[in-house]
Amino acid sequence: MKQAASRFTLSPPAPFRLDLTVWVLRRQAHNQIDAWDGEIYRRAWQYAGNRLEVRLWQSQAGRTPLLEGEVQGNCVDASSVAWVSRQLSWMLGLDQDLRPFYAMAASDLRLAALADRFQGFRPPRFSSLFEALSNAIACQQLSLHVGILLLNRMARLCGNDPEVTDLLVPFPNPAALLQQEAASLRSLGFSIQKAKFLLGIAESAAAGQLARENWQDLSNSEAAQRLHQLRGIGRWSTEYVLLRGLGRLDVFPGDDVGARKALYQWLEEKSAPDYMQVAKRLQSWQPYAGMLYFLLLLNRLEKEGHIS
């Protein structure tokens with residue numbers, strides 16, 4: 001069957017750079033769920049029983065940045081294109097007002113240098129709270145490289161293409177994950193405990209407990225209390241999800257070893273601060289400690305040669 005295609009546009013607030021934003025979203029070059037070839041961002045979704053493939057690129061920069069995109073699938077209509085546009089606007093942080101952050105950064109020479117170097121970056125969020133929680137569980141006590149490798153494998157398993165390693169795969173929806181046994185996830189490299197945690201998160205999502213609209217008006221403490229009730233979600237995962245799943249830019253995951261190391265190197269300190277010391281160091285940059293977390297990640301990605 002010939003696939004239908006439909007074009008759309010998005011108008012981000014200026015300044016905007018798609019490359020910086022996408023790299024913070026994907027984090028690693030081997031991420032097969034969020035693909036980037038240097039010019040085009042690609043993502044696949046299962047929506048209303050159909051597979052949708054999306055291509056997005058930046059056609060204008062400057063004072064009037066413009067994103068252009070294309071949705072392909074067997075059944076592409078106005079509702080699916082509108083849904084994709086909403087998802088991308090959420091994921092790319094197009095609704096976030098960063099003017100107060102840049103005003104604050106302008107008065108701090110150290111932060112201003114970092115913010116200016118990555119001007120146009122928008123703080124991204126995962127497509128869903130379920131995806132954010134799944135990422136947190138996968139990456140617990142593992143390197144980011146291994147965590148994303150496991151998520152790639154899980155996506156391929158749920159997409160019925162476990163042997164295909166070069167195809168763009170959609171992140172599994174909760175129903176697809178619940179069709180798997182814990183032993184199947186264990187065979188991918190997850191611990192049996194993490195496999196059970198993932199299935200528990202999928203059950204919560206399938207029951208409607210993770211619908212984004214039910215979390216957006218909660219305070220950080222209220223959302224954290226709910227997150228702690230989920231099996232497998234501790235302090236690091238909670239803060240990770242608050243920042244990357246709900247867009248709480250005042251949250252810096254203080255238990256993130258890599259982020260702590262990046263922070264003390266940026267501050268030119270000789271030893272890494274502990275959790276409480278991190279919170280104390282960040283007081284000067286609140287309520288935008290999460291922006292600093294992302295900018296330090298961009299700093300690492302730049303050093304690794306992924307962005308320029």
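Reader: Why is arginine 300 called partly exposed?
Author: In this predicted model, arginine 300 has a relative accessibility of 28%. Partly exposed lies between under 20% for buried and over 50% for exposed. The value of 28% falls in that range, so arginine 300 counts as partly exposed.

Reader: What makes arginine 300 and glutamate 304 a salt bridge?
Author: Their closest N and O atoms are 2.8 Å apart. The cut-off is within 4 Å, so the pair qualifies. Glutamate 304 has a relative accessible area of 44%. That is not over 50%, so glutamate 304 is partly exposed.

Reader: Why is arginine 99 called exposed?
Author: Its relative accessible area is 66%. Exposed means over 50%, so the term fits arginine 99. Arginine 99 meets aspartate 97 in a salt bridge, at 2.9 Å from N to O. Aspartate 97, at 40%, is partly exposed.

Reader: How do you know that arginine 281 and glutamate 269 form a salt bridge?
Author: The N to O distance is 2.8 Å. The limit is 4 Å, so the pair passes. The two residues link distant parts of the chain, 12 residues apart. Arginine 281 sits in helix H13 (residues 275–282). Glutamate 269 is in the loop between helix H12 (257–266) and H13.

Reader: Why are arginine 281 and glutamate 269 both called partly exposed?
Author: Relative accessibility is 28% for arginine 281 and 27% for glutamate 269. Buried would need under 20%, and exposed over 50%, so both count as partly exposed.

Reader: How many salt bridges does the whole structure have, and how many cross the interface of domain 1 and domain 2?
Author: The whole structure has 12. One crosses the interface of domain 1 and domain 2.

Reader: What makes arginine 43 and glutamate 131 a salt bridge?
Author: Their side chains meet at 2.7 Å, N to O. That is within 4 Å, so the rule is met. The interface also holds 12 residue pairs in polar contact. On the side of domain 1 that touches domain 2, strand E3 (40–47) is one of the elements giving two or more residues. E3 gives the most, with five residues.

Reader: What is the area buried between domain 1 and domain 2?
Author: About 1,900 Å², with carbon and sulfur atoms giving 50%. Arg27, Gln32 and Trp90 supply 39% of the area that domain 1 buries against domain 2. No other three residues supply more.

How values were computed
Residues numbered from 1 in each chain as written. Predicted model: local features only at pLDDT ≥ 70, side-chain atom pairs only at ≥ 80, totals over all residues. Heavy atoms only, no water. Buried < 20%, exposed > 50% of the residue type's maximum accessible area, 1.4 Å probe, protein only. Helix = DSSP H or I, 4+ residues; strand = E, 2+ residues; numbered from the N terminus. Buried area = accessible area lost by both parts, 1.4 Å probe. Polar contact = N/O pair within 3.5 Å; in protein donor to acceptor, adjacent residues only side chain to side chain.
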